[in-house]
Amino acid sequence: MKTAVERIVFGGNLVWALLLTSLCATRVHAADRPNFVFILADDLGWKDVGFNGSTFYETPNLDRLAREGMRFTDAYAACSVCSPTRASIMTGKYPARLHLTDWLPGRPDKPDQILKHPKIITELPAAEITLAKALQEGGYKTAFIGKWHLGGLGHWPEQAGFDINIGGCGMGHPSSYFSPYKNPTLKDGPVGEYLADRLTDEAVKFIENTKGTPFLLYLSHYSVHTPLQAKKGLIEKYQKKVMQLPPTKGPEFVTEGNTNARQVQNQPIYAAMMQSLDESVGRVLDKLKELGLDKNTVIIFTSDNGGLSTAEGAPTSNMPLRAGKGWPYEGGVREPLVVKWPGVTKAASVSDHQVMSTDYYPTLLEIAGLPARPEQHLDGISFTPALRGKEMGERPLFWHYPHYSNQGGAPSSSIRKGDWKLIEWYEENRIELFNLRLDVGEKNDLASTSALKREELKSELQAWRASVKADMPLPNPNFDPKADGPFKRKILTGK
């Protein structure tokens with residue numbers, strides 16, 4: 001015997017007709033939705049691309065994308081290291097809210113640290129409805145190709161809304177950029193095959209096989225993360241280019257904390273890796289055009305944190321931005337960003353709206369015509385008004401990194417609001433304040449001369465930390481002031 005609900009739902013042909021009509025309308029609407037190609041580089045700095053002023057690295061395909069779309073001057077990663085930013089893209093939440101504030105699985109405390117870092121979760125929580133899952137539920141075919149670094153087995157892309165996973169696992173960098181790769185989700189190619197080329201091959205195959213279904217292609221390159229490995233011919237090309245560079249006008253390195261920061265782009269292996277990455281982007285753009293998909297595909301290109309300028313060979317320079325990966329300064333968190341939305345973004349346009357990696361989730365949903373999920377992407381806002389050339393309201397941006405980075409950075413939080421940026425260093429209980437409009441290189445600390453602005457931003461930063469229940473570092477019981485190591489701070493010597 002049918003229940004009352006069953007009689008209402010199934011009791012007549014009219015209800016069936018209305019239901020079928022609704023389903024068919026949904027399918028037609030889904031078929032008209034734009035495709036998404038999200039290209040994420042690893043450790044690529046703001047200045048590593050031609051459209052942001054690099055003259056040593058050659059990025060003609062990325063420059064072409066910038067000419068065809070909208071370039072953002074003030075786009076940011078949610079963290080100065082990779083895993084937290086990647087989690088913010090997938091969830092639309094600040095890493096501090098997720099309690100995933102360092103690269104995974106993180107690093108142990110050392111006796112040369114004054115502070116003990118807080119515990120972090122070591123995988124993307126299964127309860128999160130990711131951007132990929134939201135698009136998947138909206139009728140999209142989803143593919144993840146490349147670096148994941150958001151958890152081990154059982155927490156890979158296929159558990160986070162991706163129909164296809166090629167190359168995504170817990171690895172933070174490749175064991176080698178040349179096959180054999182020793183990657184559990186990427187079959188080895190011919191000996192000597194280059195990883196960026198192989199990932200692009202897989203991306204092109206996926207595009208060819210979508211057959212009219214709207215898709216999300218998340219091409220997450222391992223490049224240009226260490227190890228520094230590139231094709232021999234390209235290395236030789238840039239070695240010759242180095243020989244032709246004019247003498248540098250200033251020092252090649254300057255002191256940054258307890259380390260040194262590169263000021264000049266002249267590393268030939270890194271340049272060769274950049275060229276292979278750029279060629280990958282070109283191949284994807286060409287394939288979309290060849291298949292007639294370029295008019296209905298939104299392309300996003302960005303990076304997960306600043307360029308590596310203070311450690312591990314310091315292969316790149318983020319100048320005029322200060323420092324790089326692992327630091328709260330602009331060199332560590334400001335990213336290149338280009339968005340091409342055919343028929344919407346104006347060619348060769350430039351936006352100075354402040355965009356954060358938390359914002360991609362609601363932005364892509366709005367572009368796709370899918371409902372927002374405000375309970376999920378709590379910290380993101382859609383920047384489609386900026387893409388349409390309209391003004392957007394100002395809001396503060398926050399960072400929280402209660403760890404010591406492998407690149408020399410120390411536990412800190414920071415806030416940017418309008419032109420102003422404040423950094424709070426936990427070891428020394430010290431505040432730095434900069435006006436980025438006047439001082440993008442963060443050389444002139446105004447904390448002592450702009451007391452009202454300092455206290456305003458400090459109070460807002462502390463209130464935000466409380467609101468997201470941010471984990472804080474604690475005194476390190478094993479701290480040895482006589483211990484030598486990369487994290488021994490200059491404050492111990494008074495310098």
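These are my notes on one residue, one strand and the cavities of a predicted model.

**Entry 1: D74**

I looked up D74 first and found it in strand β2, which covers residues 70-76. Is D74 buried or exposed? Its relative accessibility is 10%, and the limit for buried is under 20%, so D74 counts as buried. I then listed what D74 touches, leaving out residues up to four places away in sequence: R334, S351, D352, H353, Q354, V355 and R416. With R416 there is also a polar contact, side chain to side chain, of 2.8 Å.

**Entry 2: strand β4**

I went on to β4, residues 141-146. Of its 6 residues, 5 are buried, so the strand is largely enclosed by the rest of the structure. Which strands are joined to β4 by bridges? One is β6 (residues 215-220), which runs parallel to β4 and is joined to it by 6 bridges. I noted T142 of β4, whose bridge partner in β6 is L216. Another is β5 (residues 164-166), also parallel to β4, with 3 bridges. Here F144 has N165 as its bridge partner in β5.

**Entry 3: cavities**

I searched for enclosed empty space and counted 5 cavities of 30 Å³ or more. The largest cavity has a volume of about 90 Å³. It is lined by 14 residues, and those closest to its centre are S80, P328, W399, Y401 and S412. Two elements give two or more residues to this lining, β13 (397-401) and β14 (412-417). How many residues of each class line the largest cavity? I have 8 nonpolar, 6 polar and no charged residues.

Methods: Residues are numbered from 1 along each chain as its sequence is written. This is a predicted model: local features need pLDDT of at least 70, side-chain atom pairs count only at pLDDT 80 or more; totals for chains, interfaces and linings use all residues. Side-chain values use heavy atoms; hydrogens and water are left out. Helices (H or I, at least four residues) and strands (E, at least two) are DSSP runs, numbered from the N terminus. Buried means under 20% relative accessible area, exposed over 50%, partly exposed in between (1.4 Å probe, protein chains only). A polar contact is a pair of N or O atoms within 3.5 Å; within protein, one must be able to donate a hydrogen and the other to accept it, and residues adjacent in sequence count only if both atoms are side-chain atoms. Contact means heavy atoms within 4.5 Å. On a 1 Å grid over the protein atoms alone, a cavity is a set of points where a 1.4 Å probe fits but cannot get out, and a pocket is an open set with protein on both sides within 12 Å along at least five of seven lines; lining residues have an atom within 4 Å of a point. Grid points are joined across faces, edges and corners, and a volume is the space filled by probe spheres set on the points. Ala, Val, Leu, Ile, Met, Phe, Trp, Tyr, Cys and Pro count as nonpolar, Asp, Glu, Lys and Arg as charged, and the others, Gly among them, as polar. Two strands pair if DSSP finds at least two bridges between them.
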